[in-house]
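Reader: Could you walk me through this one, cavities and charges included? Show me the fold and we'll take it from there.

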Amino acid sequence: MAQIRKMDCQLTIKSSADKFYDVFRTKAQLTPKMSNGLVADIKLLQGDWNSVGAVRLWSYDFEGKSHMVKEMLESVDDENKTMVYKLVEGELLNYYKSWRTILNITPAGAGSLVKWTMEFEKQNENIPDPVKNADYLIALAGNIDAYLLKA
């Protein structure tokens with residue numbers, strides 16, 4: 001029987017929750033500019049940038065190598081500043097049967113708390129937990145926060 005596992009990671013940032021959420025909600029195509037080299041490119045393959053069902057192809061640098069991943073925006077909750085992405089293609093699926101990433105941003109004092117939840121099913125028990133992926137998401141959030149603070 002399939003066992004879906006979860007791993008959370010979070011980062012407190014100085015940008016407001018509204019401003020940070022807006023980057024992923026309406027300005028995803030600008031993340032290469034904001035990511036300080038972590039995201040090389042993003043292309044819209046299906047739908048429009050801001051709609052559920054949109055399919056996007058991300059080119060990114062991970063552990064010094066270039067990778068690509070195709071994801072679908074599965075759901076959006078603007079009130080709670082939550083977005084769910086489902087992986088539909090990419091190298092990660094060589095290791096995980098399924099992969100979803102949930103992004104949630106909540107106000108925290110003068111800044112906000114960025115929480116990423118990865119839901120995944122390993123191809124087999126020898127596959128490690130995605131700790132390095134969590135580190136990448138934290139670095140990405142930190143880089144975008146730094147960009148927003150300079151803007």
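Author: First, a bit of vocabulary: helices (H or I, at least four residues) and strands (E, at least two) are DSSP runs, numbered from the N terminus. This is a predicted model, where local features need pLDDT of at least 70 and side-chain atom pairs count only at pLDDT 80 or more, while totals for chains, interfaces and linings use all residues. Residues are numbered from 1 along each chain as its sequence is written, and side-chain values use heavy atoms, with hydrogens and water left out.

Reader: Which element gives the largest share of the lining of the largest pocket?

Author: A pocket here is an open set of points on a 1 Å grid over the protein atoms alone, with protein on both sides within 12 Å along at least five of seven lines; a cavity is a set where a 1.4 Å probe fits but cannot get out, and lining residues have an atom within 4 Å of a point. The largest pocket holds about 400 Å³ of space, and among its 16 lining residues Phe62, Glu63, Leu92, Tyr95 and Asn133 sit closest to the centre. Two or more lining residues come from each of β3 (55-62), β4 (65-77) and α3 (131-150). The largest share, three residues, belongs to α3.

Reader: And the largest cavity: what volume does it have?

Author: The count comes to one cavity of 30 Å³ or more. Grid points are joined across faces, edges and corners, and a volume is the space filled by probe spheres set on the points. For the largest cavity that gives about 410 Å³.

Reader: Which element gives the most to the lining of that largest cavity?

Author: Of the 19 residues lining the largest cavity, Val69, Glu71, Thr101, Tyr136 and Leu137 are the closest to its centre. At least two lining residues each come from β3, β4, β5, β6, β7 and α3. With four residues, the most generous is α3.

Reader: How many residues of the largest core come from α3?

Author: A nonpolar core is a set of buried Ala, Val, Leu, Ile, Met, Phe, Trp, Tyr and Cys residues joined through side-chain atoms within 4.5 Å. Buried means under 20% relative accessible area, exposed over 50%, partly exposed in between (1.4 Å probe, protein chains only). The largest core has 38 residues, and Phe20, Phe24, Val114, Trp116, Tyr136 and Ile144 have the most contacts inside it. The share from α3 is the largest, at seven residues.

Reader: On to charges. How many residues apart in sequence are the parts that Arg5 and Glu125 tie together?

Author: The structure holds 14 salt bridges (a side-chain nitrogen of Lys or Arg within 4 Å of a carboxyl oxygen of Asp or Glu). In one of them the side chains of Arg5 and Glu125 meet at 2.7 Å, N to O. Arg5 lies in strand β1 (residues 5-13) and Glu125 in the loop between β7 (111-122) and α3, so the parts tied together are 120 residues apart.

Reader: Which residues are joined with Glu74 and Arg100 into one salt-bridge network?

Author: Glu74 and Arg100 form a salt bridge of 3.0 Å, N to O. This pair links strand β4 with strand β6 (residues 96-108), 26 residues apart. Glu74 is partly exposed at 26% relative accessibility, and Arg100 is partly exposed too, at 29%. Through shared partners, the network with Glu74 and Arg100 also takes in Lys6 and Glu119.
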